[in-house]
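Q: I have a new model open and I'd like to learn how to read it. Can you walk me through it, one feature at a time?

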Amino acid sequence: MNLQREGSFYGWYFKCQSDMGTMAVIPAVHGTGRGRTCSLQIITKEEAWTVTFPAKAYQRKGMRIAIGKNHFGDRGIRLSVRIPGLNAVGKLNFGPLTPLKYHIMGPFLLVPFLECCHSVWSMKHTVWGSVRINGKLYTFRGGEGYWEGDGGRSFPKEYLWTQCSFPEGALMLSVADIPLAGFHFQGVIGVVLWRGREYRLATYLGARVVRRQNGLIKVVQGDMELEAELLERIGKPLKAPVSGDMNRIIHESVACMTRYRFRKGKQIDLYVQTDKASFEYEYPD
């Protein structure tokens with residue numbers, strides 16, 4: 001992506017969860033009408049922070065990003081932020097990543113002019129280390145990590161996104177209003193990783209939404225069915241891009257009570273209720 005172009009953005013999302021706490025970190029770069037800038041967002045169950053940096057602070061080499069003294073990539077995260085209101089310092093190391101069999105966007109990856117393109121770099125990996133944020137210590141001793149990315153012009157006007165790791169698996173699901181060539185459709189991308197197998201639900205595979213209301217979503221595809229329900233809304237404000245400019249406020253619950261159910265024919269009936277799920281529900285209902 002040409003981030004010198006006005007109205008574009010690119011960012012990564014790292015989530016680390018454990019019994020000791022959950023945090024997410026979002027390094028991003030944006031090309032706006034005022035020039036190129038970059039930012040770092042940190043979110044916990046209790047609070048969220050946004051730090052802006054000059055464009056020259058951003059560097060990327062392959063699958064590694066640096067924003068000032070903060071480093072992100074396939075091996076882990078190093079944070080070093082000391083500004084009024086935020087002191088976040090620490091290092092997290094990642095174990096082997098679990099990438100998808102092929103890109104989550106499938107054939108839509110080849111469609112030009114999409115508003116937003118999503119990537120999943122690792123569905124699940126171990127996390128070791130600690131980060132101290134304003135005096136509170138977040139420790140991960142074999143914690144569970146997740147890594148995704150987004151790039152394009154803007155986040156969808158209306159969308160739902162959720163992610164969680166759990167024993168023997170992990171899942172992510174995104175449903176969004178997609179504008180394309182003057183039309184709109186409801187796009188679905190989702191993956192359930194269960195006991196070493198990948199089960200994918202996507203619009204390009206025939207997935208469709210059969211129910212959505214009040215924090216509940218139900219998607220079906222052939223003999224598969226995935227249902228997610230947000231049971232508590234404790235979202236913290238984050239900034240999201242509109243034509244590359246980070247001036248939209250969304251709300252994410254980085255660790256909240258959510259119920260999931262995944263069924264595949266008569267072979268699998270997986271039920272998970274957890275307080276470690278991440279959820280964004282940007283619909284008006």
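A: Sure. Let's begin with contacts: two residues are in contact when they have heavy atoms within 4.5 Å. Keep in mind throughout that this is a predicted model.

Q: Which residues is Ser-165 in contact with, leaving aside its neighbours within four places in sequence?

A: Ser-165 has contacts with Gln-17, Met-123, Lys-124, Glu-144, Gly-145 and Ala-170, once those sequence neighbours are set aside. The residue itself lies in strand S12, which covers residues 159-166.

Q: Is Ser-165 buried or exposed?

A: Here you need a cut-off: buried means under 20% relative accessible area. Ser-165 comes out at 4%, so it counts as buried.

Q: And how does Lys-136 read, as buried, partly exposed or exposed?

A: Partly exposed is the band between the 20% and 50% cut-offs. Lys-136 has a relative accessible area of 39%, so it falls in that band. You'll find Lys-136 in strand S11. Apart from residues within four places in sequence, Lys-136 is in contact with Glu-46 and Val-131. Try a distance too: its C-alpha atom is 9.9 Å from that of Asn-87, and the two residues are 49 residues apart along the chain.

Q: Let's zoom out. How many helices and strands does the protein have?

A: The count is 0 helices and 21 strands. The radius of gyration is 18 Å, close to the 19 Å that the globule rule gives for 285 residues, so the protein is as compact as a globular protein of that length. Along the principal axes, the C-alpha trace spans about 55 × 45 × 35 Å. Of the 285 residues, 56% are buried.

Q: What does the surface look like in numbers?

A: About 13,100 Å² is exposed, and carbon and sulfur atoms supply 52% of that.

Q: How do I read a sheet, and in what order do the strands of the open sheet come?

A: The general idea is that side chains in a regular strand alternate between the two faces of the sheet. In this structure, 11 strands form an open sheet with antiparallel pairing, in the order S4-S3-S2-S1-S11-S10-S9-S8-S7-S6-S5. At the edges are strand S4 (48-54) and strand S5 (58-61), each of which pairs on one side only. On average, neighbouring strands of this sheet are turned by 20° against each other, direction ignored.

Q: How many bridges join S10 to S11?

A: There are 15 bridges between strand S10 (residues 116-133) and strand S11 (residues 136-152), and the two run antiparallel. To find your place, look for Cys-116, which stands opposite Gly-152 in S11.

Q: Which strands does S18 pair with?

A: One is strand S17 (residues 216-221), which pairs with S18 in the antiparallel sense over 6 bridges. Another is strand S20 (residues 245-264), joined to S18 by 7 bridges and also antiparallel. As markers, Val-220 stands opposite Glu-225 in S18, and Met-224 stands opposite Lys-264 in S20. The hairpin of S17 and S18 has 2 residues between the strands, and Gly-222 there takes a positive phi near 60°. As for cover, 6 of the 7 residues of S18 (residues 224-230) are buried.

Q: Last one: which residues have the most contacts inside the largest nonpolar core?

A: They are Ile-42, Phe-72 and Leu-79, in a core of 31 residues. Click on Phe-72: not counting residues up to four places away in sequence, its contacts include Trp-12, Phe-14, Val-25, Ile-77 and Leu-79.

Definitions and conventions:
Residues are numbered from 1 along each chain as its sequence is written. This is a predicted model: local features need pLDDT of at least 70, side-chain atom pairs count only at pLDDT 80 or more; totals for chains, interfaces and linings use all residues. Side-chain values use heavy atoms; hydrogens and water are left out. Helices (H or I, at least four residues) and strands (E, at least two) are DSSP runs, numbered from the N terminus. Buried means under 20% relative accessible area, exposed over 50%, partly exposed in between (1.4 Å probe, protein chains only). A nonpolar core is a set of buried Ala, Val, Leu, Ile, Met, Phe, Trp, Tyr and Cys residues joined through side-chain atoms within 4.5 Å. Two strands pair if DSSP finds at least two bridges between them. Axes are lines fitted to C-alpha atoms, for helices over the stretch in contact, and angles run from 0 to 180 degrees between N-to-C directions. The radius of gyration is taken over C-alpha atoms; the globule rule is 2.2 Å times the number of residues to the power 0.38. Accessible areas come from the Shrake-Rupley method with a 1.4 Å probe; for residues, only the protein chains shown count as cover.
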